[in-house]
Amino acid sequence: MDFEHYEDAFTKEAIKMGYSPQDIEHCLDYAEILFSNDVPVIYNSSHLSGLVGYKKEYLKKAALHTKYFYRDFEILKKNGKKRQISEPLPSLKEIQQWILKNILYKRRVSPFAKAYRPKVSLIENLKFHKNQPKVFTLDLENFFPSISFESVEKIFVDLGYTKALSDLLAKLCTRDGSLPQGAPSSPHLSNLIFEDADTSISEYCIQRKIRYTRYADDLSFSGDFDESEMLDKATEIVQKLELKINTSKTKLMTPDRRQTVTGIVVNEKPQVVFHKRNELRQAMYYIKKFGIDEHREYKEINQANFLEHLLGKINFVVQINPKDEEFIAYKSYLIDLKKKRDSKINRTEQLWI
């Protein structure tokens with residue numbers, strides 16, 4: 001429906017409900033802005049309630065008492081430290097997914113942001129930095145927790161929503177005043193909030209022929225440039241968002257050493273780092289020699305979907321380097337193993353029927 005049809009339908013219905021001409025004009029002026037931004041017209045919390053399929057009282061409770069609507073747990077990071085995950089309860093997650101699909105995805109993010117974008121793979125972040133004189137990487141400290149409620153609220157205000165509705169939408173997408181790591185809406189919101197910073201950094205880089213991409217909280221630069229000046233400029237820009245560069249994770253990599261971007265080697269061709277490839281290579285050696293069940297028993301692996309998990313890791317290696325014949329062969333071997341296992345399970349099940 002275009003705005004003209006909406007205007008006509010709304011006016012007829014509003015007249016029936018006794019709206020004054022001034023009220024109708026006010027509503028249509030508001031709706032036209034939202035139409036221009038290709039987002040749903042939402043007038044108030046009652047209207048939002050009907051769209052997401054949850055009572056207004058539930059929305060207000062979820063917005064005001066956020067800690068009761070999340071499940072907290074920790075996962076281990078690569079460096080051995082723990083990262084806290086705040087996973088929303090299924091009902092709130094469903095509301096966040098509605099906001100993501102119907103509102104947030106309607107606004108484009110910077111082309112320099114390579115993470116959390118539908119149909120954009122990790123390869124997009126790697127190909128720009130292949131075989132460069134320098135690769136310089138920076139890490140944003142506590143990325144999601146550092147993004148404030150006010151920054152999230154501004155996204156909805158800029159789209160044209162009222163202050164009251166923007167406040168409610170932002171509270172439904174935040175927890176304790178920041179982005180929760182675990183909410184489906186958080187990744188895209190982080191890209192939208194960092195858009196101005198991406199633009200400022202990319203303009204600086206384009207002028208100096210520096211290649212720039214950002215994958216979530218990882219900023220990657222490559223080419224021939226002064227890394228100290230680049231660090232100062234990036235620090236200055238991100239500070240405007242009240243974000244910080246984690247100086248302990250700053251890396252400068254030249255061609256005489258391994259150059260990595262988001263954990264992937266990019267010197268001559270994208271490649272998963274050696275120690276991870278070697279771990280997979282060893283696992284495949286023992287599986288081929290002794291069998292997958294024997295390997296699991298010897299290594300005390302209790303993971304029920306170990307075969308699928310291993311296949312996923314090898315798939316990732318092949319995705320990064322589609323010409324890796326060694327790992328293509330491993331992938332083929334595991335697929336055949338999986339087919340045989342599934343066939344055996346099916347035959348066993350049929351005997352019980």
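## Surface patches, salt bridges and burial in a predicted model

Arg 83 is found in strand β2, the strand that covers residues 82–88. The model described here is predicted, and this residue serves as a starting point for an account of its surface charge, its salt bridges and its buried positions.

### Overall architecture

The protein contains 16 helices together with nine strands. Its C-alpha trace spans about 80 × 70 × 35 Å along the principal axes, and of its 353 residues, 42% count as buried.

### Patches on the surface

Arg 83 belongs to a patch of positive charge on the surface, where it gathers with Lys 249, Lys 251, Arg 257 and Arg 258. The relative accessible area of Arg 83 is 30%, and the residue is therefore classed as partly exposed, since that class lies between the limits of 20% and 50%.

A patch of negative charge is also present on the surface, and its members are Asp 2, Glu 4, Glu 7, Glu 25, Asp 29 and Glu 32. Which helices each supply at least two residues of this negative patch? They are α1, which runs over residues 3–16, and α2, which runs over residues 21–36. Helix α2 gives the most, with three residues, and Glu 25 is a patch member that lies in this helix.

The surface also carries a nonpolar patch formed by Tyr 285, Tyr 286 and Phe 290, which together have about 330 Å² of accessible area. Within this group, Tyr 285 is found in helix α13, covering residues 274–290, and with a relative accessibility of 47% it counts as partly exposed.

### Salt bridges

The structure holds 18 salt bridges. In one of them, the side chains of Arg 71 and Glu 87 meet with an N to O distance of 2.6 Å. Arg 71 lies in strand β1, residues 70–76, while Glu 87 lies in strand β2, so this pair ties together parts of the protein that are 16 residues apart in sequence. Strand β2 thus appears in two of the settings described here, as it is the strand of Arg 83 and also the strand of Glu 87.

Another salt bridge joins the side chains of Lys 134 and Glu 227, with 2.8 Å from N to O. This pair links distant parts of the chain, for Lys 134 is in strand β3, residues 134–139, and Glu 227 is in helix α12, residues 227–239, with their positions 93 residues apart. Is Lys 134 buried or partly exposed? It is buried, because its relative accessible area of 18% falls under the limit of 20%. Its partner Glu 227, at 21%, is by contrast classed as partly exposed.

Helix α12 also holds a salt bridge between Glu 236 and Lys 233, whose closest N and O atoms are 3.6 Å apart. Both of these residues lie in helix α12, three residues apart, which is about one turn of the helix. Elsewhere, salt bridges that share partners join Arg 277, Arg 281, Asp 324 and Glu 326 into one network.

The accessibility of the residues in the three pairs described above is set out here.

| Residue | Relative accessible area | Class |
|---|---|---|
| Arg 71 | 45% | partly exposed |
| Glu 87 | 23% | partly exposed |
| Lys 134 | 18% | buried |
| Glu 227 | 21% | partly exposed |
| Glu 236 | 39% | partly exposed |
| Lys 233 | 25% | partly exposed |

### Cysteines and disulfides

How many disulfides does the structure contain? The count comes to zero, where a disulfide would need a pair of cysteine sulfur atoms within 2.5 Å. As for individual cysteines, Cys 173 is buried, with a relative accessible area of 0%, and Cys 205 also counts as buried, at a relative accessibility of 1%.

### A loop position ahead of strand β3

Lys 130 has its place in the loop between α6, residues 123–126, and β3, the strand in which Lys 134 is found. At 38% relative accessibility, Lys 130 counts as partly exposed, whereas Lys 134 is buried at 18%. Where does Lys 130 stand relative to Asn 278, in sequence and in space? The two residues are 148 residues apart in sequence, and their C-alpha atoms are separated by 22 Å in space.

Terms used
Residues are numbered from 1 along each chain as its sequence is written. Side-chain values use heavy atoms; hydrogens and water are left out. Patches are made of residues with over 30% relative accessible area and no salt bridge: like charges are joined within 9 Å, nonpolar side chains (Val, Leu, Ile, Met, Phe, Trp, Tyr) within 5 Å. Accessible areas come from the Shrake-Rupley method with a 1.4 Å probe; for residues, only the protein chains shown count as cover. A salt bridge is a side-chain nitrogen of Lys or Arg within 4 Å of a carboxyl oxygen of Asp or Glu. Lys and Arg count as positive and Asp and Glu as negative; His and the chain ends are not counted. The place of a charge is taken as NZ of Lys, CZ of Arg, CG of Asp or CD of Glu. Helices (H or I, at least four residues) and strands (E, at least two) are DSSP runs, numbered from the N terminus. Buried means under 20% relative accessible area, exposed over 50%, partly exposed in between (1.4 Å probe, protein chains only).
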